[in-house]
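Biologist: I'd like a close look at just one part of this protein, explained slowly. Could you walk me through it once the picture is up?

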Amino acid sequence: MTFSFEEDFLTHYGGLFLIQRFCNKLGFRRRLQRQWRAAPNWSEFDPLDLTLLLLFLLIAGVQRISKADKLEYDGFFCSLLGLEQWPDESTLRRFLQRLSPQAIRQVAGLHDQLRKELFAAATPRSTLSFHLDSIVLTLYGKQQGARRGYNPKAKGRRSYHPLLCFEAHGQEFWHASLRPGDAASNTGARHFVRRCLEKVPSFIARSRVRFLADAGFFSGGLIEDLTQAGCGFTIVCRSYDAYRRLAEQAGFTELKLGWAYAEFRHRPQKWAQVHRFIAIRRPLPVDPDEARQLTLFKDAKYSYSVLVSNLGLSPWRTWIDYAQRANIERSFRELRNELALSKIPSQSWTANVAFLQLLALAYNLVHWFKRLCLPPDQLLTSVETLRHQFFGLPARLISRAGKNVLLLPRKYPHQREFLAALARVQKLKIPTSSAD
């Protein structure tokens with residue numbers, strides 16, 4: 001066997017051609033160039049090229065900037081992005097560090113503009129269901145803003161504690177905010193929710209918008225804001241024994257398999273209004289590991305969950321509606337594990353804020369591609385599965401009769417789906433006016 005190191009256009013990422021064509025259809029580079037007024041000046045690289053490179057690295061699954069150099073020898077990847085030379089690790093890090101807050105806001109503005117226009121490109125929606133969460137990102141360096149706070153998996157370690165919002169019906173990343181590790185879950189929550197509402201298209205009534213959140217967002221001020229805005233909400237209550245006593249006084253209605261619910265009205269101290277509370281009682285699981293996860297209230301036989309909600313649903317339907325939140329937890333895990341949210345790239349706070357905004361945009365580019373270019377049954381397909389089926393595809397780029405030809409595997413099992421997605425990309429029509 002002999003070896004020859006002469007091929008320039010081999011790749012493991014032939015399927016990223018679909019994402020590149022999709023971005024071209026969106027006019028992504030043109031939009032970014034028009035939107036971005038505060039990009040740093042570079043003598044060797046166009047800031048647009050570096051932005052696109054970072055987005056495509058995230059989509060491809062390269063989770064650390066230090067691992068990006070393996071693509072330096074991937075001629076197809078460079079050709080796909082129009083790169084004449086490959087930036088080294090320090091160039092990419094300095095690029096993130098030199099982005100000003102104004103430039104970061106402009107990237108976020110482009111994201112919001114695309115979301116608004118693509119909102120009208122799919123099946124029209126008249127309701128929005130926002131799921132709020134705060135996650136702990138354990139850090140192992142000397143990052144700015146890294147502080148000790150609530151960190152159940154790595155107690156005593158410094159961390160970040162970002163707020164995240166997903167829209168459940170469209171499976172869409174809506175808004176994110178990076179915070180130091182010692183920030184409580186509801187710190188900044190009121191401003192965060194206002195930013196989420198500012199991005200809602202004007203034709204959707206506030207009464208058709210609802211928020212679901214865990215106990216970290218249990219706050220009288222936030223609930224008052226949502227009430228005044230006319231939004232629906234269901235939020236888990238913090239662990240106060242008084243709520244269980246109030247539920248017992250109201251009386252539990254028995255359901256099947258030992259479950260029961262109670263409903264009562266209550267105005268907690270310092271709250272402006274009386275609100276509706278719902279308590280759910282369920283038998284403790286036989287499995288001790290599962291039982292330990294039910295930490296709101298417990299006694300010898302039952303665990304209890306208490307919700308505050310203004311939705312016009314029966315108590316049991318309110319619980320079922322909130323329990324479906326488990327489906328969106330997968331999106332939060334995907335953002336953390338598959339799109340590198342847990343791999344904070346820099347010691348600079350501003351650079352990490354920029355990274356979070358680029359990561360959110362990369363997530364939604366893949367989501368919009370799924371929604372607009374793949375069959376409806378693929379909407380819940382994970383990013384990792386898309387990489388396996390479409391993006392991570394061995395290929396070779398050649399020139400034949402003066403035209404570029406991308407050679408793909410002979411027995412590729414998803415050939416029909418690949419060609420159908422490409423046809424949908426080519427036929428895609430993006431609305432030129434905003435959804436408003």
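In the hairpin of S6 and S7, how many residues lie between the strands, and which residue takes a positive phi?

Modeller: Sure, and keep in mind that this is a predicted model. There are 4 residues between the two strands of that hairpin, and Gln171 is the one with a positive phi, near 55°.

Now let's look at the strands themselves. S6 covers residues 163–167, and 5 of its 5 residues are buried, so the strand is largely enclosed by the rest of the structure. Its side chains go two ways: Leu163, Cys165 and Glu167 point to one side, Leu164 and Phe166 point to the other, and all of them are buried.

What sits alongside S6? Strand S7, residues 172–177, runs antiparallel to S6, and 5 bridges join the two. Strand S2, residues 128–134, also pairs with S6 in the antiparallel sense, again over 5 bridges. Leu164 is a handy residue to find here: it is the bridge partner of Asp133, and it stands opposite Ala176 in S7.

Next, find helix H7, residues 189–198. Ala189, Phe192, Val193, Cys196 and Leu197 are buried in H7. Seen down the helix axis, those buried residues fall within an arc of 140°, so they line one face of H7. There's a neat rule behind this kind of pattern: an α-helix has 3.6 residues a turn, so residues three or four places apart point the same way. The cover over the buried residues of H7 includes S2, S6 and S7, along with strand S8 (209–213) and helix H8 (220–229).

That brings us to a pair of cysteines, one in S6 and one in H7. Cys165 has 0% relative accessibility, so it counts as buried. Its closest cysteine sulfur is in Cys196, 3.7 Å away, which is too far for a bond. The cut-off for a disulfide is 2.5 Å between the sulfurs. In fact, a search of the whole structure finds 0 disulfides. Cys237 is another buried cysteine, also with a relative accessible area of 0%, but its closest cysteine sulfur, in Cys231, is 19 Å away, too far for a bond.

Finally, zoom out a bit. The largest nonpolar core has 92 residues, with Leu16, Phe28 and Phe77 among those with the most contacts inside it. Leu163 from our strand belongs instead to a second, separate core of 39 residues, which also includes Phe211, Phe217 and Phe277. In soluble globular proteins, nonpolar side chains tend to be buried together.

Methods
Residues are numbered from 1 along each chain as its sequence is written. This is a predicted model: local features need pLDDT of at least 70, side-chain atom pairs count only at pLDDT 80 or more; totals for chains, interfaces and linings use all residues. Side-chain values use heavy atoms; hydrogens and water are left out. Buried means under 20% relative accessible area, exposed over 50%, partly exposed in between (1.4 Å probe, protein chains only). Two strands pair if DSSP finds at least two bridges between them. A nonpolar core is a set of buried Ala, Val, Leu, Ile, Met, Phe, Trp, Tyr and Cys residues joined through side-chain atoms within 4.5 Å. The arc is that of the directions from the helix axis to the C-beta atoms. Contact means heavy atoms within 4.5 Å.
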